[in-house]
Amino acid sequence: MPAIMKTKPAYGAELVEVDVPKPGPGEVLIKVLATSICGTDLHIYEWNEWAQSRIKTPQIMGHEVAGEVIEVGPGVDTLEVGDYISAETHIVCGKCYACRHNRYHVCQNTKIFGVDMDGVFAEYAIVPAQNAWKNPKDMPPEYAALQEPLGNAVDTVLAGPIAGMSTLITGAGPLGLLGIAVAKASGAYPIIVSEPSEFRRELAKKVGADYVINPFEEDPVKAVMDITDGAGVEVFLEFSGAPKALEQGLAATTPGGRVSLLGLFPRDVTVDFNNLIIFKALEIHGITGRHLWETWYTVSSLIQSGKLNLDPVITHKYKGFEKFEEAFELMKAGKTGKVVFFPHK
Ligand code: NAD
Ligand code: ZN
């Protein structure tokens with residue numbers, strides 16, 4: 001079967017032929033119906049410092065997936081052939097201090113498929129049964145595959161109340177766009193998005209932003225104050241990983257407001273804690289991964305409600321993997337929302 005493989009420790013990847021794997025104890029084999037590219041896959045493709053320190057080659061890439069179970073390994077009693085599943089990509093240990101406090105999303109021994117083992121950019125892939133999430137049969141595979149990154153967005157947006165609340169989202173990359181969709185479906189208003197790329201500002205509007213700001217051309221803090229009659233936003237959601245966006249977002253948040261930080265900063269950041277956080281009594285949440293499994297229930301229900309506007313977020317669909325290099329390069333250039341592959345043409 002064809003698979004996108006990181007064959008050597010260098011820039012790029014290769015489309016190779018490999019054998020269909022056999023599910024071991026506790027595993028299932030799925031026919032991959034849809035699989036999407038995550039920023040992490042791009043880091044592995046580009047072979048950045050993090051990837052160099054973590055990834056062992058050769059390895060099949062990819063982790064966001066929807067597929068049909070076609071073979072069940074020994075000892076699996078929770079799934080059967082024909083089940084339509086997505087997968088939580090964090091394989092948690094269940095034994096560490098965090099896990100034993102039901103904080104699986106911060107398990108200190110987390111392994112990730114497509115990072116620490118073979119992934120899902122292939123026609124068939126192995127999923128540990130404990131990581132499978134059963135989907136309703138009528139959920140489109142491209143939505144089902146997006147549930148994993150949607151989980152990050154849901155944990156960011158719904159870390160507190162948001163209905164009827166003014167909201168600033170900084171960064172409208174693939175995750176920020178999913179965040180906009182979740183905020184819109186959850187009744188946030190107005191949704192103000194700060195994003196330097198014109199292409200992504202246009203996408204943000206299509207997904208549900210009420211106002212868009214180019215932070216390189218106008219001051220987002222002033223723009224937010226104008227829109228909110230000087231109050232500032234109730235909710236600030238950071239999806240960019242840009243230190244400047246963090247500072248601007250904190251300044252634009254109303255005293256007593258709520259902040260969720262998902263974007264990962266490239267270096268240590270300096271912030272005026274006294275004036276921007278402490279004296280404003282802000283409620284700040286660091287966000288990592290998704291809550292297991294509460295977030296999956298929320299994501300699945302949001303999709304089934306029909307209120308999540310996902311179609312504008314999915315900007316590129318590919319049948320087969322032949323054009324994977326084009327897909328990665330477009331994503332690298334910031335010219336995409338989510339990119340989805342359908343391996344079986
Ligand atoms: P991305 O790089 O595609 O998107 C970031 C967006 O921010 C881009 O569109 C960029 O133009 C925009 N941006 C840059 N400078 C800005 C500024 N000053 N103000 C506003 N916007 C600005 O990344 P993504 O895939 O959408 O992921 C978003 C962030 O989330 C990344 O930092 C990623 O590393 C992080 N992440 C965190 C987790 C987690 O669990 N915490 C998981 C996955 C990804
Ligand atoms: Zn653990």
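E88, E148 and R290 are linked in a network of salt bridges, and that is a good place to start exploring this predicted model. Across the whole structure, a search finds 13 salt bridges. Below, you will also meet the surroundings of ligand 1 and a nonpolar patch on the surface made by F273, I278 and F279.

**The E88–R290 pair**

- Within the network, E88 and R290 form a salt bridge whose closest N and O atoms are 2.7 Å apart.
- E88 sits in the loop between β6 (84–87) and β7 (90–91), while R290 sits in the loop between β16 (283–286) and α11 (294–305), so this pair ties together parts that are 202 residues apart in sequence.
- If you look for the two residues in the structure, you will find that both E88 and R290 are buried.

**Salt bridges inside helices**

- Side chains of opposite charge can pair when their charged atoms come close.
- In helix α7 (residues 198–207), E202 and K205 are 3 residues apart, which means that about one helical turn separates them.
- The closest N and O atoms of the E202–K205 salt bridge are 3.2 Å apart.
- E202 counts as partly exposed, because its relative accessibility is 37%, and K205 is partly exposed too, with a relative accessible area of 42%.
- Helix α8 (residues 220–227) holds D226 and K222, which are 4 residues apart and therefore separated by about one helical turn.
- D226 and K222 form a salt bridge, with 2.9 Å between the closest N and O atoms.

**Around ligand 1**

- Ligand 1 is surrounded by 23 residues, and the closest are L175, E195, R200, L264 and I287.
- Sorted by class, this shell has 12 nonpolar, 9 polar and 2 charged residues.
- R200 places a polar side-chain atom 2.9 Å from an oxygen atom of ligand 1.
- P174 has a polar backbone atom 3.2 Å from an oxygen atom of ligand 1.
- From I287, a backbone N or O atom lies 2.8 Å from a nitrogen atom of the ligand.
- On its own, ligand 1 has 860 Å² of accessible area, and the protein covers 77% of this.

**A nonpolar patch on the surface**

- F273, I278 and F279 make a nonpolar surface patch of about 380 Å².
- One of these residues, F273, is found in helix α10 (residues 273–278).
- F273 is partly exposed, because its relative accessible area is 49%.

Notes:
Residues are numbered from 1 along each chain as its sequence is written. Chains are lettered from A and ligands numbered from 1 in the order in which they are written. This is a predicted model: local features need pLDDT of at least 70, side-chain atom pairs count only at pLDDT 80 or more; totals for chains, interfaces and linings use all residues. Side-chain values use heavy atoms; hydrogens and water are left out. Patches are made of residues with over 30% relative accessible area and no salt bridge: like charges are joined within 9 Å, nonpolar side chains (Val, Leu, Ile, Met, Phe, Trp, Tyr) within 5 Å. Accessible areas come from the Shrake-Rupley method with a 1.4 Å probe; for residues, only the protein chains shown count as cover. A salt bridge is a side-chain nitrogen of Lys or Arg within 4 Å of a carboxyl oxygen of Asp or Glu. Helices (H or I, at least four residues) and strands (E, at least two) are DSSP runs, numbered from the N terminus. Buried means under 20% relative accessible area, exposed over 50%, partly exposed in between (1.4 Å probe, protein chains only). A residue is near a molecule or strand if one of its heavy atoms lies within 4 Å of it. A polar contact is a pair of N or O atoms within 3.5 Å; within protein, one must be able to donate a hydrogen and the other to accept it, and residues adjacent in sequence count only if both atoms are side-chain atoms. Ala, Val, Leu, Ile, Met, Phe, Trp, Tyr, Cys and Pro count as nonpolar, Asp, Glu, Lys and Arg as charged, and the others, Gly among them, as polar.
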